[in-house]
Amino acid sequence: MGRTYIVEETIGQYLSNLSLQGKSFVSGLLIGQCSSQKDYVILATRTPPKEEKNENLKHPKDQLDNLDEEWVTEHANQVSRMLPGGLLVLGIFIITTLEMGNDFQNTLRRLVFAVEKSMNKKRLWSFTEEEVSDRVTLHICSSTKKILCRTYDIHDPKSSAKPADWKYQNGLSTSWLSLECTVHINIHIPLSTTSVSYTLEKNTKNGLARWAKQIENGVYLINGQVKAEDCDLLEGQKKPRGNAPASSCSFDVRVLTQLLLNSDHRSTATVQICSGSVNLKGAVKCRAYIHSNKPKVKDAVQAVKRDILNTVADRCEILFEDLLLNEIPEKKVMNSEKEFHILPHRVFVPIPGSTVMLCDYKFGDESAEEIRDHFIEMLDHRIQIEDLEITEEINTAFLSSSMNSEAPEDNRDDEQPKEPMQTTIVSKIRRNMGMIAAFAVAFLAVGISFHYFSD
């Protein structure tokens, strides 16, 4: 028996209203949450159309062979940044004017695997063996209104399609539970001389991977209590009276990370020659959501963990992309003792008719209108500017070179800017290090911006 997908009823209307606009097909993403019994789909979003020259619309069946895999996977990567803990890209949908054969199903299969592979590269975490590994493809024929729902096991490259049930339900996520926490970050990433040839992304991800283990192995207090993993998350909770709003069911989560290894663990010290180091320090606000159908504590904790890891990694990546687009001239970096960069804040926005909120990232010079337009482009849903909720956190970073540049902790705090709710990067660059060392530090000055994050 195949899996069952419980789908928000408004998605059915959304898919019905999608216009092909003379094209042979329209594709998009399905967003929701997996559980052991069934999967929940709470949002569908069309992949933004890609402008193509000399597009031939006379042979719609042939045009399906030109389904742009790279374009769809990039959209999935962008959307995955906008998902809080607990939500995933569960699969893809495609609407065509004609019913398609087996060759077309192979195209969808290849696309599902490509999307998952692309998103998995950026994660600091891995799926567990217990988790559901099926991803869904939904094909709708606009002429016959026929729906074909199938799943593929992404852990098995040779897996074949399995049939699945697609069932609509009204108000699916109006009673979902939210979990919120603030995590204090103090990450030290040494940049060894042997890693200078590595990309900034690889250096950062390696450093964050070590920190990710602390998050994975942390102790999580839910409303101040440690609960057994297999317990019902709602155990001991008072049921709301009458028609009390579901949004009132929110949990406060606190994370305790381990400082010392147990006595039965041995640790070894490693000495490295470093060309510099990156320190990330501050507080990050995180949110996760979970369905209200007998949710387990372990599922809630897992959703929070992944939001912590995702939001840190995503902000690093977004900042690096921004610096590449607005590249700082090398001479400017070399001739200044400090370089300040305004870093992105996390912005939340509600899904209409749901307790779930999605997120995005906003730089200081970006307007609320730009964030709204980005939501519309990526998620194909209109939002109100007044609904934007910007989290406010203070974070600092410090970059030191290897030549007598190690600064005491107190001095690092003195370098923080005085403006509240502004995040900056302080880059101390030594001018007497020689051409090779100077170039390396200038390169790292950009790297620190990539490594660093902010809300």
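This is a short walk through two sheets, one helix residue, a surface patch and two unusual backbone angles in a predicted model.

Okay, let's start with the bigger picture, the eight-stranded sheet. The sheet is open, its pairing is mixed, and the strand order reads β7-β6-β5-β4-β2-β3-β1-β8. At the edges you have β7, residues 162-163, and β8, residues 165-169, and each of those pairs on one side only. If you want the general background, strands of a sheet pair through backbone hydrogen bonds, either parallel or antiparallel.

Now zoom in on β4, which covers residues 88-96. How many of its residues are buried? Nine of nine, so to speak a full house. On one side, β4 is joined to β2, residues 25-34, by eight bridges, and that pair runs antiparallel. If you'd like a spot to click on, F25 has T96 in β4 as its bridge partner. Then there's β5, residues 134-141, which runs parallel to β4 with six bridges between them. There the pair to look up is I95 with I140 in β5.

Over at the β8 end, we get another parallel pairing: β1, residues 4-8, is joined to β8 by five bridges. E8 has Q169 in β8 as its bridge partner.

Right, second sheet. This one is open too, with three strands in the order β14-β13-β15 and antiparallel pairing. Why do β14 and β15 each have one side without a neighbour in the sheet? Because β14 (357-362) and β15 (389-390) stand at the edges, each with a single partner strand. Between β13, residues 345-350, and β14 there are six bridges, in the antiparallel sense. P350 is the residue standing opposite M357 in β14.

Let's leave the sheets for a moment and go to N77, which sits in helix α3, residues 69-81. Buried or exposed? Its relative accessibility is 8%, and the cut-off for buried is under 20%, so N77 counts as buried. What does its side chain do in there? There's a polar contact from the N77 side chain to the side chain of S118, at 2.8 Å. Leaving aside neighbours within four places in sequence, N77 is in contact with S118, M119 and K122.

From a buried residue to the surface: V219, V226 and L256 make a nonpolar patch of about 260 Å². L256 belongs to strand β11, residues 250-256. With a relative accessible area of 44%, L256 is partly exposed.

Last stop, backbone angles. Most residues other than glycine have a negative phi, and most peptide bonds are trans. Which residues here go the other way? K145 is one, with a positive phi of about 65 degrees although it isn't a glycine. You'll find K145 in the loop between β5 and β6, where β6 is 147-153. K145 counts as exposed, at 60% relative accessibility. D380 is another non-glycine with a positive phi, this time about 55 degrees. D380 lies in the loop between α8 (368-379) and β15, and that's the β15 from the three-stranded sheet. Its relative accessible area is 26%, so D380 is partly exposed.

That's my tour, happy to take questions.

Notes
Residues are numbered from 1 along each chain as its sequence is written. This is a predicted model: local features need pLDDT of at least 70, side-chain atom pairs count only at pLDDT 80 or more; totals for chains, interfaces and linings use all residues. Side-chain values use heavy atoms; hydrogens and water are left out. Buried means under 20% relative accessible area, exposed over 50%, partly exposed in between (1.4 Å probe, protein chains only). Helices (H or I, at least four residues) and strands (E, at least two) are DSSP runs, numbered from the N terminus. Two strands pair if DSSP finds at least two bridges between them. Patches are made of residues with over 30% relative accessible area and no salt bridge: like charges are joined within 9 Å, nonpolar side chains (Val, Leu, Ile, Met, Phe, Trp, Tyr) within 5 Å. Accessible areas come from the Shrake-Rupley method with a 1.4 Å probe; for residues, only the protein chains shown count as cover. A salt bridge is a side-chain nitrogen of Lys or Arg within 4 Å of a carboxyl oxygen of Asp or Glu. A polar contact is a pair of N or O atoms within 3.5 Å; within protein, one must be able to donate a hydrogen and the other to accept it, and residues adjacent in sequence count only if both atoms are side-chain atoms. Contact means heavy atoms within 4.5 Å.
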